Amino acid sequence: MNKTLTKTFILLLVITAFSCKTESNNSNANTSEATTPYDAKVDSLMSLMTPQEKIGQTVMYSGGWSVTGPVVSSNNQKFIKEGSVGAMLNVYSVKGTRDLQKMAVEETRLGIPLLFGYDVIHGFKTIFPINLGLAASWDLEDIEKGSRIAAEEASAEGIHWTFAPMVDIARDPRWGRISEGAGEDVYLGSEIAKAYVKGFQGDDLSKHNTILACAKHFVGYGAAQAGRDYHTVNMGMDELRNVYLPPFEAAVDAGVETFMTAFNEVNGVPATGNKFIFRDILRDEWGFNGFVVTDYTAINELVMHGFAEDRKHATELAIKAGVDQDMMSSANREFLEELANEGTVNIALINDACRRILLAKYKLGLFDDPYRYCDEQREKEVVYKPEFLEAARKSAAMCSVLLKNDDETLPLDKNQTIALIGPLVKDKENILGNWGAAGDRKGKAISIHQGIQDYVADSKIIFAKGCEIEGDDASEFGQAISAARRADKVVMVLGEDYDMSGEAASRTNIKLPGRQTDLIKAIRKAVPNKKIILVLMNGRPLDLSEEDILADAILETWFPGTSGGYGVADVLFGAYNPSAKLPVTFPRTLGQVPIYYNMKNTGRPIPDHDPHEDYKSHYLDTPNTPLYPFGHGLSYTTFEYSDTEFSSKIIGFSDTLTVSATITNTGDYDGYEVVQFYVHDKVGSITRPVKELKGFQKVFLKKGESKTVSFELSAEDLKFYNLEEFTVEPGVFEIAIKGTSDFDFEQSFILE
Ligand code: BGC
């Protein structure tokens, strides 16, 4: 038989087998064996696969991208044609993905389609605010909508799978990847994890506009020692179980299809070779059925960790630990077959990995039509749709946190002359943030300058750059000072470069880089009585202790994305009344790090009456409190909280407690308020945090309006891991409904 005939024959066999199996599968639809409608199809395909072809599914290579098109090395093409590649990353566009898909489908023995993965982190072409900024919206609907839009665009360019969300808790602003997550809190992080997964995966993966999500980086990546990326992670079971694992479990609950390993070690065992976290927790405890991909070259790195003798040993350790797909190590392709032949790796492990990956391809509908994500017409219609750009604008407004607003400095008055000063005023490149994905960093992005021009006549704007983001040059300070002198108000747009956060971008100094703080100082000196508004773009909490003194108002916009300039201007001019709240603590100084709202009390907390009392847990030179706490964020209006009421002061283990409070808009603007619900478990068999967020709601209140906001709490919500098991313990719980984490509890209830 010639090659084409052989292939047709095999495919016919597969199809026949598929239909027979499908029937028997349907008849078993409600039995525990029929876990997915595709199991029978996967089985019959696998019965035709050689061990090499199965291993091929566990291999991923990177394409790479240049302006003229995807660059795929000839080796990659050779491997694809051999059937020894299951997935590609960093290839996108209809043309780019179709060309490679054709190779896999038409030039391999079984024609198994490739999976195309890409880092669609906060948008694909239409870029939304960075993830830390998105978390500041505390708006789950908006986050889900943003990731839905990202999936629409990415899928229209041939992408099947995003390496997102990153659900790593992060409490160290030195770590550049703090920008990619939802901040420091377990509850907020878990809710946001679910919203991303729902947005990317939608309600039906077989639709052509839904993509696989990937919870990463499992686990502990955010706890790198000293905030240095990839560094060692050592944490006890309290922290691992009660803080770092829950957002991942939430992603599993939301149906996330894939997981990515972390680069770091966890208590001496690198994550990519860590059986405890992948087999014992992820698979056995949580029942995760999707597939696990390594982070980029992470199998090879087991050698550098000093955990594997060589790459072959690393390959063995990874698959035994529960890794299914190898991103870029080439290790599975080079060593798995040999390991299986010599009996070091059981072929059953390879079968499992292959099965899980094929299953994902079936779920996406790639076996029905491998080109279903390659439709030029859809690509043209979907990418940068006006409604997507509008949604990104709204997000940028919703994510901007008003940190400070003395004397109602903001909103701006359209009739006043504004000095627009700073290196980021006209920026269109940094504004997209570190994971700009396939976004256009030039033409499409809207700078803050453009956003402001939409509100104010050009004659009312005096621009001066003042200085660069980094570097020592102060030669343009004079022009900036002159601009400030000629204006009614000064708006300064300062911050970090986009690549000062993100992967491998840790800093040991979290102040504004370069001469930017000196620039504000110079302007403050020159115009002591003029209002200075500081607009920030940055990927981490910064030490703003000096800026807090110098500026009258501070708006934290993170990196606000493609429509960022418009969204930020909407806030500056009051078209959107700011409602965002910090998802992460801003320290007074780096020396306080790690600092987060739900710390433990210690045996020697500082007493209220004397914060300096000797032999208490404090610093000699800085208060314990942060500059801006978690949950903080101002509005142009004011909200008053009153009448916190309980459905009962004593509840049993099967009861639900309802707690409510009245929130009144007491200011002059309509606006949203993020109402936060905190609990403190006063005594536990292991110590409990001083505060824990257990719920939040974003409510809209017209000026003068009051609303009652209620939260429900069950014993299940109070469970924690006590070093042996998850437990809920009876006792006294303090409780509060507030607009920030900075408060003292005044009310309690009893669980008995
Ligand atoms: C990052 C991942 C990312 C992967 C693929 C790695 O370096 O750690 O977060 O998904 O590259 O681009």
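**Entry 1: cavities**

I began with the closed spaces in this predicted model, and I found 8 cavities of 30 Å³ or more. The largest cavity holds about 90 Å³ of space. I then listed what lines the largest cavity: Glu-53, Gln-57, Ile-80, Gly-83, Val-85, Ala-104, Thr-108, Leu-110, Gly-111 and Ile-112. By class, I get 5 nonpolar, 4 polar and 1 charged residue in the lining of the largest cavity.

**Entry 2: the largest pocket**

Next I turned to the open spaces. I read about 1400 Å³ for the largest pocket. Its lining runs to 41 residues, and Tyr-597, Asn-601, Ile-606, Val-690 and Lys-691 are the ones nearest its centre. I split the lining of the largest pocket into 18 nonpolar, 12 polar and 11 charged residues.

**Entry 3: the second largest pocket**

How much space lies in the second largest pocket? I note about 970 Å³ for this one. I count 36 residues in its lining, with Val-186, Asn-242, Pro-246, Lys-694 and Lys-719 closest to the centre. I also asked myself which helices and strands each supply at least two residues of that lining. My list has helix 8 (186-201), helix 9 (237-244), helix 10 (246-253), strand 23 (692-701) and strand 24. For the second largest pocket, I wrote down 15 nonpolar, 4 polar and 17 charged lining residues.

**Entry 4: Lys-719, from the second pocket**

I picked Lys-719 for a closer look, as one of the residues closest to the centre of the second largest pocket. I found Lys-719 in the loop that runs between strand 24 (706-714) and strand 25 (720-721). Is Lys-719 buried, partly exposed or exposed? Its relative accessibility is 37%, so I filed Lys-719 as partly exposed, since that class lies between the 20% and 50% cut-offs.

I then checked its neighbours. Leaving out residues up to four places away in sequence, Lys-719 touches Phe-726, Thr-727 and Val-728. Its side chain also makes a polar contact, at 3.0 Å, with the side chain of Glu-716. Asn-242 is 477 residues away along the chain, yet I find 9.4 Å between its C-alpha atom and that of Lys-719. Asn-242 and Lys-719 are both among the residues closest to the centre of the second largest pocket.

**Entry 5: helix 15 and what follows it**

I wanted to see whether the length of helix 15 fits its residue count. Helix 15 covers residues 347-363, and at 1.5 Å a residue its 17 residues should span 24 Å; I find its end C-alpha atoms 24 Å apart, so the two agree.

At the N-terminal end, I see Asn-346 acting as a cap on helix 15, with a side-chain oxygen 2.9 Å from the backbone nitrogen of Ala-348. Which residues of helix 15 are buried? I have Ile-350, Asn-351, Ala-353, Cys-354, Arg-356, Ile-357, Leu-358, Leu-359, Ala-360, Lys-361 and Tyr-362 on that list. A reminder to myself: an α-helix has 3.6 residues a turn, so residues three or four places apart point the same way.

Just past helix 15, I came to Gly-365, which takes a positive phi of about 85°. Gly-365 sits in the loop between helix 15 and helix 16 (376-382). I count Gly-365 as buried because its relative accessibility is 4%, and the class takes in values under 20%. Looking further along the chain, I get 8.1 Å between the C-alpha atoms of Gly-365 and His-208, which are 157 residues apart in sequence.

**Entry 6: cis peptide bonds**

I went through the backbone for cis bonds next. One joins Lys-216 to His-217, with omega near -5°. I placed His-217 in strand 7 (residues 214-218). I noted another cis bond between Phe-218 and Val-219, where omega is about 0°. Val-219 belongs to the loop between strand 7 and helix 9.

**Entry 7: positive phi outside glycine**

My last check was for positive phi in residues other than glycine. Asp-407 has phi near 50°, and I located it in the loop between strand 13 (401-405) and strand 14 (418-421). With a relative accessible area of 62%, Asp-407 went down as exposed.

I also marked Ala-504, whose phi is positive at about 55°. Ala-504 is in the loop that connects strand 16 (489-495) and helix 20 (516-526). Its relative accessible area is 54%, so I recorded Ala-504 as exposed.

Key:
Residues are numbered from 1 along each chain as its sequence is written. This is a predicted model: local features need pLDDT of at least 70, side-chain atom pairs count only at pLDDT 80 or more; totals for chains, interfaces and linings use all residues. Side-chain values use heavy atoms; hydrogens and water are left out. On a 1 Å grid over the protein atoms alone, a cavity is a set of points where a 1.4 Å probe fits but cannot get out, and a pocket is an open set with protein on both sides within 12 Å along at least five of seven lines; lining residues have an atom within 4 Å of a point. Grid points are joined across faces, edges and corners, and a volume is the space filled by probe spheres set on the points. Ala, Val, Leu, Ile, Met, Phe, Trp, Tyr, Cys and Pro count as nonpolar, Asp, Glu, Lys and Arg as charged, and the others, Gly among them, as polar. Helices (H or I, at least four residues) and strands (E, at least two) are DSSP runs, numbered from the N terminus. Buried means under 20% relative accessible area, exposed over 50%, partly exposed in between (1.4 Å probe, protein chains only). Contact means heavy atoms within 4.5 Å. A polar contact is a pair of N or O atoms within 3.5 Å; within protein, one must be able to donate a hydrogen and the other to accept it, and residues adjacent in sequence count only if both atoms are side-chain atoms. The expected span of a helix is 1.5 Å times one less than its number of residues.
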